[in-house]
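Reader: Pick one part of this model and take me through it slowly, with the numbers. I'd like to see how it ties in with whatever comes up around it.

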Amino acid sequence: MIAVYPGSFDPITSGHLDIIERSSALYSEVIVLVAVNPSKKPAFNLEQRVDMIERSVHAAGLNNVRVESFSVGLLVDYVEQSRGQVIVKGLRAVSDFEYEFQMALLNRRLKPGIETVFLMTASEYSYLSSSIVKEIARLGGQIEGLVPDTILEQVRERFAGLQATAGAQLVERS
Ligand code: PNS
C-alpha cells in the first residue's frame, strides 16, 4: 500500500522523521510530499526542503521512502495520481486535532476512496514544530536533536546572518 505524508517541512524536524520511520514500517511505499501551504512564507525553498528530507531519509536507511514536491493542485488529486490509498498525518497534541480533523474530512469529501491515517509522534517530540526550530535557530539557540543531524549545519547557516542582524539591532537600540 502506498502512503503519502504531506507537509510544509520547513525544515524537516526530528518529529517529522519519527513519523516517516513509523510510516515506512507500516506501508510498502511512502511518498513524503513537500507541499505549498499558501498561508505560510517558507524559510527554505521547495528544492532545499526536498533535499533536506532526502538526506535525512537516506541517513536513517529508509529504502521504501521517496521524496517529492508539488506546488499546484489538490493533495487528493496528487495522491490518486500516485496510486496512493492513504494520507499520513502526524499528531502531536490535542491542539493539532481541530485543523487536521477539518482537512481529513474535506479530503474525504473530495475523494472518498482515500483514507487519512493519524500517527502519534514519540512523546519527546510532542512540543516540536518547524516554526519553533526556526525561532530557536534565529535567536542563536541550540537545535541539536530537534532536527536530523544531517541537516543541522544547513539550518544553522540559514539563520546565522539573521542572528548577527538581530544582535546589531539590539546594540543600535541600546
Ligand atoms: O505542514 P503543513 O503546513 O501543516 O501542511 C499543510 C498541507 C501542505 C498538507 C496542506 O496545506 C495541503 O494539503 N495543501 C495542498 C492543497 C490542498 O489540497 N488543500 C486542501 C486541503 S483540505
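Author: Let's take strand 1 (residues 2–7), where five of the six residues are buried, so the rest of the structure largely encloses this strand. Buried here is under 20% relative accessible area, exposed is over 50%, and partly exposed is what falls in between, using a 1.4 Å probe and protein chains only. Strands (E, at least two residues) and helices (H or I, at least four) are DSSP runs, numbered from the N terminus.

Keep in mind that this is a predicted model, so local features are reported at pLDDT of at least 70 and side-chain atom pairs at 80 or more, while totals for chains, interfaces and linings use all residues. Numbering starts from 1 along each chain as its sequence is written, and side-chain values rest on heavy atoms, without hydrogens or water.

Strand 1 runs parallel to strand 2 (residues 29–35), with six bridges between the two; a pairing needs at least two DSSP bridges. Look across from valine 4 and you find isoleucine 31 of strand 2.

Strand 2 has a charged link of its own. Glutamate 29 makes a salt bridge with arginine 66, with the closest N and O atoms 2.9 Å apart. That ties strand 2 to strand 3 (residues 65–70), joining positions 37 residues apart in the chain. For a salt bridge, a side-chain nitrogen of Lys or Arg has to sit within 4 Å of a carboxyl oxygen of Asp or Glu, and the count by that rule is 11. Both partners are partly exposed, glutamate 29 at 25% relative accessible area and arginine 66 at 33%. Glu68 belongs to this story too, in a salt-bridge network with Glu29 and Arg66.

Now back to strand 1 and on into the loop that leads to helix 1. Phenylalanine 9 sits in this loop and has a positive phi of about 50°, although it isn't a glycine. Its side of the story is an inside one: phenylalanine 9 is buried, at 2% relative accessible area. Next up is a cis peptide bond between aspartate 10 and proline 11, with omega about 0°; proline 11 is in the loop between strand 1 and helix 1 as well.

Aspartate 10 has a second thing going on. Its side chain forms a salt bridge with lysine 134, at 2.7 Å from N to O. The bridge spans 124 residues of chain, from the loop between strand 1 and helix 1 (14–26) to helix 5 (residues 130–138). Aspartate 10 and lysine 134 are both buried.

So what surrounds the ligand? Pro6, Gly7 and Ser8 are on the list, along with Ala35, Asn37, Lys40, Gly73, Leu74, Leu75, Tyr99, Leu106 and Asn107; to be listed, a residue needs a heavy atom within 4 Å of the ligand. Polar contacts, meaning pairs of N or O atoms within 3.5 Å, add some detail. A polar side-chain atom of lysine 40 comes to 2.6 Å from a ligand oxygen, and one of asparagine 37 to 2.9 Å. Leucine 75 uses its backbone instead, with a polar atom 2.8 Å from an oxygen of the ligand. Taken alone, the ligand has 550 Å² of accessible area, and the protein covers 81% of that; areas come from the Shrake-Rupley method with a 1.4 Å probe.

One last stop is helix 4 (residues 94–110), home to leucine 105. This leucine is partly exposed at 40% and joins Val94, Phe97 and Phe101 in a nonpolar surface patch of about 410 Å² accessible area together. Patch members have over 30% relative accessible area and no salt bridge; nonpolar side chains (Val, Leu, Ile, Met, Phe, Trp, Tyr) are joined within 5 Å, like charges within 9 Å. Arginine 108 is in helix 4 too, partly exposed at 42%.

Notes. Polar contact = N/O pair within 3.5 Å; in protein donor to acceptor, adjacent residues only side chain to side chain.
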